[in-house]
Structure formats: C-alpha cells, structure tokens
Amino acid sequence: MSGRFITFEGIDGAGKSTHIESVAQHLRRHGVELVQTREPGGTPLAESLRALFLHQDMDGLTEALLVFAARRDHVQRVIAPALALGQTVLCDRFTDASFAYQGGGRGMDWQVLATLEQWVQQGRQPDLTFWFDVDPALAAQRRAQARDADRLEQLDLEFFARVRAAYRRRAESAPGRIVRIDASDTIDGVATQIRAELERRGW
Ligand code: TYD
C-alpha cells in the first residue's frame, strides 16, 4: 500500500501556499487521509536547519547541503512512513526548489544537485508536482502586499527569472509529474486549474 506524494512549487509570491489548503480540503472531502508538511522543514531537525538556511548568509553549495540534509531527515521520518501507511503527503516545496533556487538562482552545478537528489531520495519522486508559474514582477508585487520579506525573498527580479527558468527546465524533463499552473490567474481560476488536474487523474 502506498499513498500519493504531491508537491507544490514556484517562485516566492506565486501563491502556492493559498492553494495547498484548498487541495487539502478537496482531498479530505473525498476521504483521503492526509499529511501536510513543508520544506525546508517538516521535522524538528529540519526546522532547525530551515531557520539557519533562511536567516544566515551562505554560498550556494552550503545552501544545497543544508536543504538536502533537512530533506533526508524529512523523507526518512515523515514522508516515507506516511506513504507506506497509504497516506497522501502534501508538501510545500521539495527537490525541484533546490534545482530552481540553488541551481538556477545560485548557479550550483546541476549534476551535483542530481547526485544529492539520488543520495537522499534513492529514486523516490513525487507522484505529482504543481508548479505555480508566474512572472517575477507580478510575484514581487504580491510579496510586497503580503508580508515582510525573508532573506531569499529580498533577491532581485533577475534572480527570480533564473529560478523560474530552472523550474521550466525541470518541468520539461518530467512532463508526466510536473503540471504547470498559470499562477497569474485569479485565486478561483488557479483553484479550477488544480481541481481539473486532480479530477483528470481521478484523485
Ligand atoms: P517558502 O515556501 O517560500 O516559505 P514561506 O512561504 O514560509 O516564506 O520557502 C522558503 C524559501 O526557501 C523560499 O525562498 C525557497 C527556498 N528554498 C530553497 O532555496 N531551496 C530548497 O530546496 C527549498 C525547499 C526552499
């Protein structure tokens, strides 16, 4: 018995956090047993690493090592056991974010990231990834309205354009898994796109 592993990705301000909750409600209504979690984070150790990651200055490789260390703990303690019990796991960001931010944003070598991915996940991938794709300028507007920025959110439009391009590259390499959502749409419009994909899969 194995549950479904669904992840949510996109640049900061794409609006994914709003929609994780609506996916959770939709699945619960269909009687699905859920675990909701996030990265970096999801375990006490990984949450400690998240705090370091978000608030200390460091180079791209250090970032990658920290997020994959956090991910290792998260996969072992939370994600794999839940899936083994047949539960569905909704995760706010996962490895595509490392390729996007550390790879695209920070310029880390793609192959090094692929090696870390293989070490940490040993072939396990999400069953479905919603990629909330939006123009960096619109995302910046949304961030400015929403809240105070953390370290990574203060980065410039060029950085987020590289992150977006790296998400696109990942999406092109895994078209069956990564579903692009037009996140410039209204909240209702985005929710409709997501529900259509879940229904298409009979979830
Ligand atoms: P985010 O989901 O934006 O948290 P919040 O909505 O609470 O602000 O994630 C925090 C930041 O971490 C975000 O800027 C992306 C970054 N990140 C990476 O750089 N690499 C990774 O592997 C992950 C999972 C996140």
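**Figure 1. Packing of helices H3 and H4 in the predicted model.** Helix H3 covers residues 60-84 and helix H4 covers residues 95-105; the two pack at an angle of about 175°, and their axes lie 11 Å apart. Because an angle over 145 degrees counts as roughly antiparallel, H3 and H4 are described as roughly antiparallel to each other. On the H3 side, the residues that meet H4 are Gly60, Glu63, Ala64, Val67, Phe68 and Arg71. Their counterparts in H4 are Thr95, Ser98 and Gln102.

**Figure 2. Surroundings of glutamate 9 in strand E1.** Strand E1 comprises residues 5-10, and glutamate 9 is part of this strand. Is glutamate 9 buried or exposed? Glutamate 9 is buried, yet has no salt bridge. The nearest side chain of opposite charge belongs to arginine 93, at a distance of 4.0 Å. The side chain of glutamate 9 does reach the backbone nitrogen of phenylalanine 94, at 2.7 Å. A polar contact of 2.6 Å also links the side chains of glutamate 9 and tyrosine 167. Beyond its neighbours within four places in sequence, glutamate 9 is in contact with several residues, among them Lys16, Asp96, Ala97, Thr129 and Trp131.

**Figure 3. The salt bridge between aspartate 12 and arginine 93.** Side chains of opposite charge can pair when their charged atoms come close. In the present case, the side chains of aspartate 12 and arginine 93 meet in a salt bridge with an N to O distance of 3.7 Å. Aspartate 12 lies in the loop between E1 and helix H1 (16-29), whereas arginine 93 lies in the loop between strand E3 (88-92) and H4, so the pair ties together parts that are 81 residues apart in sequence. Aspartate 12 counts as buried, at 11% relative accessibility. Arginine 93 is likewise buried, with a relative accessible area of 12%.

**Figure 4. The salt bridge between arginine 77 and aspartate 73 in helix H3.** The side chains of these two residues, arginine 77 and aspartate 73, form a salt bridge of 2.6 Å, N to O. Both residues lie in helix H3, four residues apart, which is about one turn of the helix. Which partner of the pair is exposed? Arginine 77 counts as exposed, because its relative accessibility is 59%. Aspartate 73, by contrast, is buried, with a relative accessible area of 8%.

**Figure 5. The salt bridge between arginine 164 and aspartate 133, with a further network.** The closest N and O atoms of arginine 164 and aspartate 133 are 2.8 Å apart, and the two residues form a salt bridge. Arginine 164 belongs to helix H7 (residues 157-173) and aspartate 133 to strand E4 (residues 128-133), so this pair ties together parts that are 31 residues apart in sequence. Both arginine 164 and aspartate 133 are buried. Elsewhere, Asp96, Glu117, Arg170 and Arg177 are joined into one network by salt bridges that share partners. The count of salt bridges comes to 14.

**Figure 6. Surroundings of threonine 7 in strand E1.** Threonine 7 is found in strand E1 and is buried, with a relative accessible area of 0%. Beyond its neighbours within four places in sequence, threonine 7 is in contact with Cys91, Phe94, Pro126, Leu128, Thr129 and Phe130. How far apart in space are threonine 7 and isoleucine 20? The C-alpha to C-alpha distance is 9.1 Å, and the two residues are 13 residues apart in sequence.

Notes. Residues numbered from 1 in each chain as written. Predicted model: local features only at pLDDT ≥ 70, side-chain atom pairs only at ≥ 80, totals over all residues. Heavy atoms only, no water. Buried < 20%, exposed > 50% of the residue type's maximum accessible area, 1.4 Å probe, protein only. Lys, Arg positive; Asp, Glu negative; His and termini not counted. Polar contact = N/O pair within 3.5 Å; in protein donor to acceptor, adjacent residues only side chain to side chain. Contact = heavy atoms within 4.5 Å. Axes fitted to C-alpha atoms, helices over the stretch in contact; angles between N-to-C directions. Parallel < 35°, antiparallel > 145°, perpendicular 65-115°, else oblique.
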